[in-house]
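Q: Please take a close look at the empty space enclosed in this model, and then set beside it a description of how one pair of helices packs. I would like a connected account that keeps to what the coordinates show.

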Amino acid sequence: MSSSSAMVRILIKGGKVVNDDCTQEADVYIENGIIQQVGKELMIPGGAKVIDASGKLVLPGGIDTSVHLEESFMNATTVDDFYSGTKAALAGGTTMVIGHVLPEKNESLLEAYEKCRHSADSKACCDYALHIGVTWWGPKVRAEMEKLVRDKGVNSFQMFMAYKDMFMLRDSELFQVLQHCKDIGAIARVHAENGELVSEVRDLLGFTVCGAKEALDLGISGPEGIEISRPEELEAEATHRAITIANRAHCPIYLVNVSSMSAGDVVATAKMQGKVVHGETTTAHTVLNGMQYYHQDWSHAAAHVTVPPLRLDPNTPNFLMSLLGNDTLNVVGSDHRPFTVKQKAMGKDDFTKIPHGLPGIQDRMSVIWEKGVIGGKMDENRFVAVTSSNAAKIYNLYPRKGRIIPGADADVVVWDPEGSKIISVENQVQGGDINPYEGLRCHGVPIVTISRGRLVYENGMFTCAEGSGKFCPLRTFPDYLYKKMVQREKCQAVKAVEREPYTGEVVAVANSGKRDTGSSDLDTPTRPCTRHGGMRDLHESSFSLSGAQIDDNIPKRSSARILAPPGGRSSGIW
């Protein structure tokens with residue numbers, strides 16, 4: 001515990017404490033970075049700073065499970081580092097973020113992790129953890145995953161079924177990674193899109209190594225191409241495939257960036273079947289639709305390019321918000337990856353070169369409150385669940401984080417449900433010159449943010465210091481994911497049928513030197529003869545169109561001249 005938080009005493013008085021399962025009128029006393037008491041008429045020592053929360057809600061600090069800070073991607077570097085990004089998070093009511101480390105192909109996962117830690121530790125203003133991308137597979141990756149889990153406080157790995165020739169794993173590789181995640185108790189995050197078909201569609205549009213002539217002839221070079229080349233059926237197919245692979249690997253799966261109604265339906269079906277599946281969507285996908293890509297202003301359209309793309313169906317955002325409300329989807333992250341208009345303009349003539357990503361670390365909680373709670377899709381308890389508590393449970397932080405109870409970390413937000421703000425790039429703390437929620441009026445805003453027992457944000461003023469945040473080591477085998485999986489394995493264990501041994505006669509098999517007809521599918525025998533009375537079967541794969549044929553010794557029928565016209569000659573009444 002830092003010395004600065006050790007001396008701070010804070011009393012939050014007169015508010016309503018909101019957890020994911022209940023709301024109660026209570027005061028909250030904080031000391032030494034820990035919530036010490038929750039209740040009415042508390043006995044506390046003198047010298048505490050009193051925060052009047054009358055008419056306000058007291059929430060657990062938000063946990064943003066997907067942020068990309070100080071990351072190089074598609075020839076561009078995000079405009080927020082761990083200082084500006086975490087500072088913006090605190091302004092929005094988020095007190096912990098989980099960032100991404102995406103190693104290049106063949107790059108050491110450990111080296112990429114250490115590089116990120118070296119930068120983040122000296123800059124972060126709030127607590128943070130890291131997901132490590134498994135962007136290639138081999139014995140070295142397997143060993144480094146074990147070391148990251150055992151020694152470095154990592155408990156989650158992200159795999160991609162998209163980004164062919166960049167991050168994408170083949171199905172067999174994904175299966176092995178999921179098996180390994182299960183063995184070491186890690187959380188398997190999977191980005192599900194059919195990378196092979198995305199690549200093929202893009203090739204059909206003309207974006208190959210040979211050039212973009214066909215696409216230019218069709219006029220498809222702008223941001224609308226991102227939506228055309230990545231239809232939602234490719235996400236739904238990959239989502240189903242990922243769940244199937246995880247089920248065969250007996251590994252809990254956490255699907256990220258769920259963006260479409262069809263993919264949401266796949267997740268819902270899997271959950272009803274009892275499979276251990278959890279889903280995360282993003283703020284943008286629950287609020288915006290794909291018509292943005294058809295805007296006449298190229299920079300406006302390009303600003304919304306992300307992957308998976310925003311969906312054209314205008315009902316999609318409401319549908320995804322409803323899935324958050326009914327627990328089909330468990331978590332909403334910002335997937336914060338901010339680029340400037342100039343960076344996006346690298347793809348002004350080719351949509352495949354527009355860097356993928358949207359900002360949102362600062363606005364996530366206010367936007368979800370506006371569209372989720374004010375929009376009637378969830379109550380304040382469910383809001384706490386999808387923005388904080390569920391993430392804490394999944395990543396093995398609960399109840400240390402994600403809940404306001406004695407003994408928990410003092411990550412607390414005083415929330416004004418009646419307050420409002422208009423989102424604008426002009427007054428945002430996060431970096432960049434783009435905000436996809438520009439002009440949106442949000443009812444429900446944070447007025448006080450407390451991180452690790454320190455008052456870091458109050459009424460627009462920051463008192464946080466660069467580097468005051470801490471890395472949070474995460475433990476493996478979270479109960480929220482693995483308890484059900486263990487039980488499923490017990491009740492679905494494969495057992496041999498107990499029966500009396502067969503004592504009857506067994507036909508003798510002559511050893512003719514030929515390959516056993518009971519060989520495996522991997523050793524399919526060749527067919528020396530056909531099955532159709534000596535005549536060639538054109539459906540067989542061994543015939544030749546020229547040269548000697550297998551039925552040359554069979555007499556051929558002499559040719560006959562056909563007098564009837566094509567279709568046959570008609571005579572008389574038919």
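**The largest cavity, and a helix pair**

A: In this predicted model, the largest cavity holds about 110 Å³ of space. Its lining is made up of 16 residues, of which His68, Phe160, His191, Asn257 and Arg337 are the closest to the centre of the cavity. Two elements give two or more residues each to this lining, namely strand S13, which covers 156-160, and strand S14, which covers 187-191. When the residues of the lining are sorted by class, seven are nonpolar, six are polar and three are charged. This cavity belongs to a set of five of 30 Å³ or more, found by a search of the whole structure.

Turning to the helix pair, helix H9 (residues 232-249) packs with helix H10 (residues 261-272) at an angle of about 20°, and the axes of the two lie 7 Å apart. Because angles under 35 degrees count as roughly parallel, H9 and H10 are therefore roughly parallel to each other. The crossing in which H9 passes H10 is right-handed. On the H9 side the contact is made by Glu232, Glu235, Ala236, Thr239, His240 and Ile243, while H10 supplies Met261, Ser262, Ala263, Val266, Val267 and Ala270. Taken by class, this contact of H9 with H10 comprises seven nonpolar residues, together with three polar and two charged ones.

Methods: Residues numbered from 1 in each chain as written. Predicted model: local features only at pLDDT ≥ 70, side-chain atom pairs only at ≥ 80, totals over all residues. Heavy atoms only, no water. Axes fitted to C-alpha atoms, helices over the stretch in contact; angles between N-to-C directions. Helix = DSSP H or I, 4+ residues; strand = E, 2+ residues; numbered from the N terminus. Parallel < 35°, antiparallel > 145°, perpendicular 65-115°, else oblique. Left-handed = near helix turned anticlockwise from the far one by under 90°. Contact = heavy atoms within 4.5 Å. Nonpolar A, V, L, I, M, F, W, Y, C, P; charged D, E, K, R; others polar. 1 Å grid on protein atoms, 1.4 Å probe; cavity = no way out; pocket = protein on both sides within 12 Å on 5 of 7 lines; lining within 4 Å. Points joined across faces, edges and corners; volume = space filled by probe spheres on them.
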